[in-house]
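Trainee: Please take one residue of this chain and look at it closely, and then set it in the wider fold so that I can follow how the parts relate.

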Amino acid sequence: MNLQDIKTVFWRDWTVLNRRLVKFVLSRMISPVLYLVAFGWGLGRGMQANGGNYLDFIIPGIMALNAMNISFSAVGSPLNMSRVYHNTLEEYLIAPISPASYVIGKILAGTLPGLMSCTVILGLAYLFGADFIVNAWFIVALTLTCVLFAAMGFVVAMLIDSHEDMANFSTYVLLPMSFLCATFFPLDRLPRVLRGIIELLPLTHATYALRCIGRGGEPPCLSMGVLLLYAVILTGIGIWTMERVRK
């Protein structure tokens with residue numbers, strides 16, 4: 001693994017994304033902003049959740065949801081198109097760049113737009129009257145969330161062989177997580193068996209971590225550890241898939 005190679009891969013993707021950054025981020029922020037208006041400001045006005053204001057409850061969930069969608073899409077869709085349709089992945093396969101450098105560069109390139117879009121949502125949340133704390137641990141949890149879903153986007157793009165199936169993955173995996181992983185309501189309202197399954201999912205722990213830290217609590221070790229574990233495992237799988245394709 002070479003830092004210069006990682007920078008090269010990252011910079012190439014950033015240059016491409018920068019040309020359409022505003023359009024890319026804004027198009028993927030429509031849903032979070034609508035959730036913020038409809039649930040946080042409209043339906044949720046005056047409601048309480050977990051002993052606090054519902055707006056403060058829902059903001060960390062929306063940020064985790066946005067980090068998932070933006071980071072996954074920033075890596076998954078372009079890489080899948082590059083590998084399956086445009087055949088431009090071969091440029092990297094013949095380049096003197098190690099699989100690990102390529103994968104990490106791609107993941108970092110997907111992490112950045114996720115963080116940038118969450119920063120915008122954070123500013124909007126304060127305008128809407130949200131009251132929660134953003135500190136170093138909050139940024140760490142948010143970064144881990146972006147990293148793991150960027151890595152997931154890489155793995156899925158390398159394993160799925162059509163753009164249609166990429167859309168199906170979003171429908172069958174990302175969409176259910178968007179609504180069930182403690183983003184809009186506490187999990188204690190769900191049946192115990194279903195709750196146990198949902199608590200294994202990464203978005204659930206991203207929401208837990210951001211919500212706990214945002215309320216001024218200590219970073220939850222379990223959730224932070226789960227996020228880190230997912231990020232490491234998915235990155236490792238991504239490197240393995242890249243090495244398999246290169247052989």
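Mentor: Leaving aside residues up to four places away in sequence, Thr111 touches Ser71, Thr143, Cys146, Val147 and Ala150, where contact means heavy atoms within 4.5 Å. Before going further, note that this is a predicted model, in which local features need pLDDT of at least 70 and side-chain atom pairs count only at pLDDT 80 or more, while totals for chains, interfaces and linings use all residues. Residues are numbered from 1 along each chain as its sequence is written, and side-chain values use heavy atoms, with hydrogens and water left out.

Thr111 lies in helix 5; helices (H or I, at least four residues) and strands (E, at least two) are DSSP runs, numbered from the N terminus. Because its relative accessibility is 5%, Thr111 counts as buried, the classes being buried under 20% relative accessible area, exposed over 50% and partly exposed in between, with a 1.4 Å probe and protein chains only. The side chain of Thr111 also reaches the backbone oxygen of Ile107, at 2.9 Å. In general, an α-helix has 3.6 residues a turn, so residues three or four places apart point the same way.

Turning to the wider fold, the chain has ten helices and two strands, and buried residues make up 51% of its 247 residues. Its largest nonpolar core, a set of buried Ala, Val, Leu, Ile, Met, Phe, Trp, Tyr and Cys residues joined through side-chain atoms within 4.5 Å, has 69 residues, and those with the most contacts inside it are Ile59, Met63, Tyr102, Phe132, Met152 and Phe154. Among the helices that each supply at least two residues of this core are helix 5 (99-127), helix 6 (136-159) and helix 9, and helix 6 gives the most, with 15 residues. Met152, again without residues up to four places away in sequence, touches Phe72, Phe169, Leu174, Pro202 and Leu234.

Pro202 is one of the buried residues of helix 9, a helix that is mostly covered, since eleven of its 13 residues are buried. The 13 residues of helix 9 (residues 202-214) should span 18 Å at 1.5 Å a residue, and its end C-alpha atoms, 18 Å apart, agree with that; the expected span is 1.5 Å times one less than the number of residues. Just after helix 9, Gly216 takes a positive phi of about 90°.

Technical notes:
A polar contact is a pair of N or O atoms within 3.5 Å; within protein, one must be able to donate a hydrogen and the other to accept it, and residues adjacent in sequence count only if both atoms are side-chain atoms.
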